[in-house]
Amino acid sequence: AASAHNIGTALLAAIGVRETDFRNIQELNGGAGMGVFQLTNQQGVTAARAFNLSFSSNYAASMLSSNKSYLSNTFPSFTPPQLLQATAASYNFGTGNISGNPNAIDVGTAGGNYGSTVVSLMNCFSHP
């Protein structure tokens, strides 16, 4: 899925770990998220699709790719690490919440550290 949507496999895998520890579950505490990538009911997403790993990984990868493209065009001064963190953060709270301030990328995300946590988790999937 990552390759098909031109994003890094480590990014997609780290999102899955950050969202659910890569468990195919209903969101804890009664939230609307479903499956490994915690997709919600929206156009094109049903519960069956959200729990289908092939569908959900492609959906998440497509979203990340689209978000990265939007963010790179909107904030051309972001360095590659900042763009990566912003792309990860946008998975949690959308592109419209990214201000362009590199020091505030995670402000408002889950835990206030969603993007930086995902970037750190990517190290688990790096090859020596």
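User: Where is Asn101 found?

Analyst: Asn101 is in the loop between helix 4 and helix 5. A quick word before we go on: the model we are looking at is predicted.

User: Why does Asn101 count as partly exposed?

Analyst: The relative accessibility of Asn101 is 35%. Buried would need a value under 20%, and exposed one over 50%. Since 35% falls in between, Asn101 is partly exposed. In space, Asn101 and Phe75 are 9.1 Å apart from C-alpha to C-alpha, with 26 residues separating them in sequence.

User: What makes Ala50 buried?

Analyst: Ala50, a residue of helix 2, has a relative accessible area of 0%. That is under the 20% limit, so Ala50 is called buried. Setting aside residues up to four places away in sequence, Ala50 touches Asn24, Met34, Gly35, Leu39, Val45, Phe55 and Ser56. Gly115, on the other hand, is 22 Å from Ala50, C-alpha to C-alpha, and 65 residues away in sequence.

User: How do you know whether Thr87 is buried or exposed?

Analyst: The number to look at is its relative accessible area, 1% for Thr87. Because 1% is under 20%, Thr87 counts as buried. Thr87 belongs to helix 4, and beyond its neighbours within four places in sequence it is in contact with Leu11, Leu64, Lys68 and Leu71.

User: What is noted about the phi of Asp21?

Analyst: Phi of Asp21 is near 60°, which is positive although the residue is not glycine. Most residues other than glycine have a negative phi. Asp21 sits in the loop between helix 1 and helix 2. With a relative accessible area of 55%, over the 50% limit, Asp21 is therefore exposed.

User: Why is Gln38 called buried?

Analyst: Gln38 lies in the loop between helix 1 and helix 2 too, and its phi is near 50°, again a positive value in a residue other than glycine. The relative accessible area of Gln38 is 13%. As 13% is under 20%, Gln38 is buried.

User: Why are helix 3 and helix 4 called oblique to each other?

Analyst: Their axes cross at roughly 130° and come within 9 Å. An angle from 65 to 115 degrees would be roughly perpendicular, and one over 145 roughly antiparallel. Because 130° fits neither range and is not under 35, the pair is oblique. The crossing is right-handed. Ala60, Met63, Leu64, Asn67, Lys68, Leu71 and Ser72 of helix 3 meet Leu83, Ala86, Thr87, Ser90 and Tyr91 of helix 4. By class, that contact has seven nonpolar, four polar and one charged residues.

User: What makes helix 1 and helix 5 oblique to each other?

Analyst: These axes come within 8 Å and cross at roughly 120°. That angle lies over the perpendicular range, which ends at 115, but not over 145, so helix 1 and helix 5 are oblique. Their crossing is right-handed. From helix 1 the contact takes Leu11, Ala14, Ile15, Val17, Arg18 and Glu19, and from helix 5 Tyr114, Thr117, Val118 and Leu121. Seven of these residues are nonpolar, one is polar and two are charged.

User: How do helix 1 and helix 3 cross?

Analyst: Helix 1 (residues 9–20) and helix 3 (residues 53–74) have axes that come within 11 Å and cross at roughly 115°. The crossing is right-handed. Leu11, Leu12 and Ile15 of helix 1 make the contact with Ser57, Ala60, Ala61 and Leu64 of helix 3. This contact has six nonpolar residues, one polar and no charged.

User: Which residues touch the most other members of the largest nonpolar core?

Analyst: They are Leu11, Leu12, Ile15, Phe37, Leu64, Tyr91 and Val118, out of 21 residues in that core. Helix 1, helix 3, helix 4 and helix 5 each give two or more residues to this core, and helix 1 gives the most, with five. Apart from it lies another core of nine residues, including Phe78, Leu83, Ala89 and Phe93. In soluble globular proteins, nonpolar side chains tend to be buried together.

User: What is Leu64 in contact with?

Analyst: Outside its neighbours within four places in sequence, Leu64 is in contact with Ile7, Leu11, Leu12, Ile15, Thr87 and Tyr91.

Note on methods: Residues numbered from 1 in each chain as written. Predicted model: local features only at pLDDT ≥ 70, side-chain atom pairs only at ≥ 80, totals over all residues. Heavy atoms only, no water. Axes fitted to C-alpha atoms, helices over the stretch in contact; angles between N-to-C directions. Helix = DSSP H or I, 4+ residues; strand = E, 2+ residues; numbered from the N terminus. Left-handed = near helix turned anticlockwise from the far one by under 90°. Contact = heavy atoms within 4.5 Å. Nonpolar A, V, L, I, M, F, W, Y, C, P; charged D, E, K, R; others polar. Core = buried A, V, L, I, M, F, W, Y, C linked by side-chain atoms within 4.5 Å. Buried < 20%, exposed > 50% of the residue type's maximum accessible area, 1.4 Å probe, protein only.
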